[in-house]
Amino acid sequence: MLNPNFLLGLTDTETVKLDCDESSFQSVKCLAEKTLKKFNLEGFIILRSSKNNYHIVFNREVDWSENVSIMSWVVLTNKKPKLLKW
């Protein structure tokens with residue numbers, strides 16, 4: 001029997017996934033909506049990984065170049081010190 005807290009992760013280059021640590025749900029939702037509109041992404045889901053830690057997964061496939069552009073835009077506009085180090 002699997003532990004209900006177990007999450008199998010997977011990685012690819014075509015899915016935009018954002019890791020939002022130490023953030024409120026409202027701020028994560030706002031970021032997801034802004035990113036969705038800015039880059040014409042089709043939709044998203046927000047997953048809570050632990051208290052105040054979330055993942056945003058968008059459902060439109062992108063190429064690696066667009067994926068990096070989106071992640072860079074998020075880092076530069078979000079202005080969180082930990083993201084700027086990334």
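Me: Helices and strands here are DSSP runs, a helix having at least four residues and a strand at least two, numbered from the N terminus. With that in mind, where is Asn 52 found?

Reply: In this predicted model, Asn 52 is found in the loop between β2 and β3. Its phi is near 60 degrees, which is a positive value in a residue other than glycine.

Me: Why is Asn 52 called partly exposed?

Reply: A residue is buried under 20% relative accessible area and exposed over 50%, with partly exposed in between. Asn 52 has a relative accessible area of 36%, so the value falls between those two limits and the residue is partly exposed.

Me: What makes Glu 22 count as buried or exposed?

Reply: The relative accessibility of Glu 22 is 54%, and because exposed means over 50%, Glu 22 counts as exposed. Glu 22 has its place in the loop between β1 and α1, and its phi, near 55 degrees, is positive although the residue is not glycine.

Me: What is the order of the strands in the open sheet?

Reply: The sheet has 3 strands in the order β1-β3-β2, and their pairing is antiparallel. Both β1 and β2 (44-50) stand at the edges because each has a single partner strand, so one side of each is left without a neighbour in the sheet. From one strand to the next, the twist averages 20 degrees.

Me: How do you know that β2 and β3 are paired?

Reply: Two strands pair if DSSP finds at least two bridges between them. There are 6 bridges joining β2 to β3, so the requirement is met, and these strands run antiparallel. One position to look for in the structure is Ile 46, whose bridge partner in β3 is Ile 56.

Me: How do you know that the span of α1 is close to what is expected?

Reply: The expected span is 1.5 Å times one less than the number of residues in the helix. For the 14 residues of α1 this expectation is 20 Å, and the helix reaches 20 Å from its first C-alpha to its last. Just after α1, Asn 40 takes a positive phi of about 50 degrees.

Me: Why can one speak of a buried side of α1?

Reply: The buried residues of α1 are Val 28, Leu 31, Ala 32, Thr 35 and Leu 36. They cover an arc of only 135 degrees around the axis, which means that they lie on the same side of α1. What covers them includes β1, β2, β3 and α2, while the face turned away from this side carries the exposed residues Gln 26, Lys 34, Lys 37 and Lys 38. The helix itself lies across β1, β2 and β3, running at about 20 degrees to β3.

Me: Which members of the largest nonpolar core touch the most other members?

Reply: Of its 16 residues, these are Val 16, Leu 18, Cys 20, Leu 41, Ile 56, Phe 58 and Ile 70. Two or more residues come from each of β1 (17-20), α1 (25-38), β3 (53-58) and α2 (64-78), and α1 gives the most, with 4 residues.

Me: What does Ile 70 touch, not counting residues up to four places away in sequence?

Reply: Contact means heavy atoms within 4.5 Å, and on that basis Ile 70 touches Val 16, Thr 35, Phe 39, Leu 41 and Val 62, leaving out residues up to four places away in sequence.

Definitions and conventions:
Residues are numbered from 1 along each chain as its sequence is written. This is a predicted model: local features need pLDDT of at least 70, side-chain atom pairs count only at pLDDT 80 or more; totals for chains, interfaces and linings use all residues. Side-chain values use heavy atoms; hydrogens and water are left out. A nonpolar core is a set of buried Ala, Val, Leu, Ile, Met, Phe, Trp, Tyr and Cys residues joined through side-chain atoms within 4.5 Å. Buried means under 20% relative accessible area, exposed over 50%, partly exposed in between (1.4 Å probe, protein chains only). Axes are lines fitted to C-alpha atoms, for helices over the stretch in contact, and angles run from 0 to 180 degrees between N-to-C directions. The arc is that of the directions from the helix axis to the C-beta atoms.
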